[in-house]
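Me: I should like to go through this structure by asking, for each label, what justifies it. Please set each value against its criterion.

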Amino acid sequence: MTNGTARAAGGVPRPRRTAWRAGLLRGAIEVRHLLNNPKEMTGHLTNVGVALLVAAYISDDVPGTRTPMAHLVIAGFAAYLLFQIGLLNVPQMLVTEREEGVLLRLRATPGGIPAYLVAKCLLVVVTAVGTLVLLLGAAALLADGPLPRGTDDWLTLLWVTTLGLLAVVPLGAALGAVLPNPREALALIVLPTMGLLLISGAVFPLTSLPVPVQQVAAVFPLKWTAQGVRSALLPDAARTAEAAGSWELPMVALVLTAWAVLGFLLAVPLLRRAARRESGSRLADRHRKAARNGAVPA
């Protein structure tokens, strides 16, 4: 049997090909749903608007350089929006869909968990790339914001964006598999995420923060994603404001890859475990509890 046919005995499509096909089809449907959902689109547009407003009110230069601080803020928010989509939006989606019985229905749908993950990856990539393009394009048009200056910078932005998403989307999926309900998911994730925004050099130069804070930030992927995005958007002279005095792109790649591997090692078994534990009785019990607590209509 050749790879080109991708068929098992009897002409039945192989499970891996079926999972990919089903996942891409499901993902395309979810992308259309996103584009046709004004409420969700408004949320992403609001994030871009906040970033532009913050940058518009900053007129100083990055200390020790002639790079406008507004450009650092735009680059930082670009990295943060990638981080937010993976570590905040993905867990909320997974927890909400688990409460709605989606994981239970996956047992009877083509592709199951693999197709579900492919669909979510497609949705996240489209959302992240669209948000990034909108932010950088609007900043360039409205606030003379930064853009990559050459082919090398565009390639750097591409691989940093890819690794930045891979570093947080699987981790977000793992969190979504274990968090109890949508309300608690939001409460447990928002404050740590906002804290990382403040200490990771996305809004303030990292060198302006105490050394212990810099060391804590260096553990998490947002710091390295922001640093990689800055290397693609800001002039080389701006690297003197970095903690190491350079962009450290090999370290950026290493740390983000390590987080991506860790996230996948956690996400796949946790999602499979969550799907195995789902049953009609458990779903009905959760709905009864939610109705008693006033979370859903009785």
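The exchange below concerns a predicted model and takes up its fold, salt bridges, cavities, largest pocket and selected residues.

Me: What makes up the secondary structure of the protein chain, helices or strands?
Reply: The protein chain holds 11 helices and zero strands. Read along the sequence, the pattern is α-α-α-α-α-α-α-α-α-α-α. Of its 298 residues, 44% count as buried. Among contacts with a separation of 6 or more, 73% join residues 24 or more positions apart.

Me: Why is the pair Lys120 and Glu30 called a salt bridge?
Reply: The criterion asks for a side-chain nitrogen of Lys or Arg within 4 Å of a carboxyl oxygen of Asp or Glu. For Lys120 and Glu30 the N to O distance is 2.8 Å, so the pair qualifies. Lys120 belongs to helix H5 (residues 112-143) and Glu30 to helix H1 (residues 15-35), so the bridge ties together parts that are 90 residues apart in sequence.

Me: How do you know whether Lys120 and Glu30 are buried or exposed?
Reply: Buried means under 20% relative accessible area. Lys120 has 7% and is therefore buried. Glu30, at 13%, also counts as buried.

Me: Which other salt bridges does the search find, and what makes them qualify?
Reply: The search of the whole structure finds three salt bridges. Arg149 and Asp153 meet at 3.1 Å, N to O, which is within 4 Å, so this pair meets the criterion. Arg230 and Glu242 have their closest N and O atoms 2.8 Å apart, so this pair meets the criterion as well. The Arg230 and Glu242 pair links distant parts of the chain, 12 residues apart: Arg230 is in helix H9 (residues 221-233), and Glu242 is in the loop between H9 and helix H10 (249-277). Both Arg230 and Glu242 are buried.

Me: Why are Arg149 and Asp153 placed in their accessibility classes?
Reply: The limits are under 20% for buried and over 50% for exposed, with partly exposed in between. Arg149 has 46% relative accessibility, so it counts as partly exposed. Asp153 has 16%, so it counts as buried.

Me: What makes a space in this structure a cavity, and how many are found?
Reply: In a cavity a 1.4 Å probe fits but cannot get out. Two cavities of 30 Å³ or more are found in the whole structure. The largest holds about 40 Å³, and the second largest has a volume of about 30 Å³.

Me: Which residues line the two cavities?
Reply: Leu72, Pro205, Leu206, Arg230, Ala241, Glu242 and Ala243 line the largest cavity. Val62, Leu72, Arg230, Leu234, Ala238, Ala241 and Glu242 line the second largest. The salt-bridge partners Arg230 and Glu242 thus appear in both linings.

Me: How are the residues of these linings divided by class?
Reply: The lining of the largest cavity has five nonpolar, no polar and two charged residues. The lining of the second largest likewise divides into five nonpolar, no polar and two charged. Arg and Glu count as charged, so Arg230 and Glu242 belong to the charged class in the largest cavity.

Me: What makes up the lining of the largest pocket?
Reply: This pocket has a volume of about 780 Å³. Its lining has 23 residues, with Glu40, His44, Asn89, Gln92 and Met93 nearest the centre. H1, helix H2 (38-56), helix H3 (69-99) and H5 each supply at least two lining residues. The largest share, eight residues, comes from H3. By class, the lining divides into seven nonpolar, nine polar and seven charged residues.

Me: How do you know that the length of H10 agrees with expectation?
Reply: At 1.5 Å a residue, the 29 residues of H10 should span 42 Å. The end C-alpha atoms are 42 Å apart, so the two values agree. The buried residues of H10 include Val252, Leu256, Trp259, Gly263 and Leu271.

Me: What makes Glu248 notable in its backbone, and why is it called partly exposed?
Reply: Phi of Glu248 is near 55 degrees, a positive value in a residue other than glycine. Glu248 lies in the loop between H9 and H10. Its relative accessibility is 26%, between the limits of 20% and 50%, so it counts as partly exposed.

Me: Why is Thr193 called buried, and which residues does it touch?
Reply: Thr193 has a relative accessible area of 1%, which is under 20%, so it is buried. Thr193 is placed in helix H7 (residues 182-199). Not counting residues up to four places away in sequence, Thr193 touches Tyr80 and Phe83.

Notes: Residues are numbered from 1 along each chain as its sequence is written. This is a predicted model: local features need pLDDT of at least 70, side-chain atom pairs count only at pLDDT 80 or more; totals for chains, interfaces and linings use all residues. Side-chain values use heavy atoms; hydrogens and water are left out. On a 1 Å grid over the protein atoms alone, a cavity is a set of points where a 1.4 Å probe fits but cannot get out, and a pocket is an open set with protein on both sides within 12 Å along at least five of seven lines; lining residues have an atom within 4 Å of a point. Grid points are joined across faces, edges and corners, and a volume is the space filled by probe spheres set on the points. Helices (H or I, at least four residues) and strands (E, at least two) are DSSP runs, numbered from the N terminus. Buried means under 20% relative accessible area, exposed over 50%, partly exposed in between (1.4 Å probe, protein chains only). Contact means heavy atoms within 4.5 Å. The expected span of a helix is 1.5 Å times one less than its number of residues.
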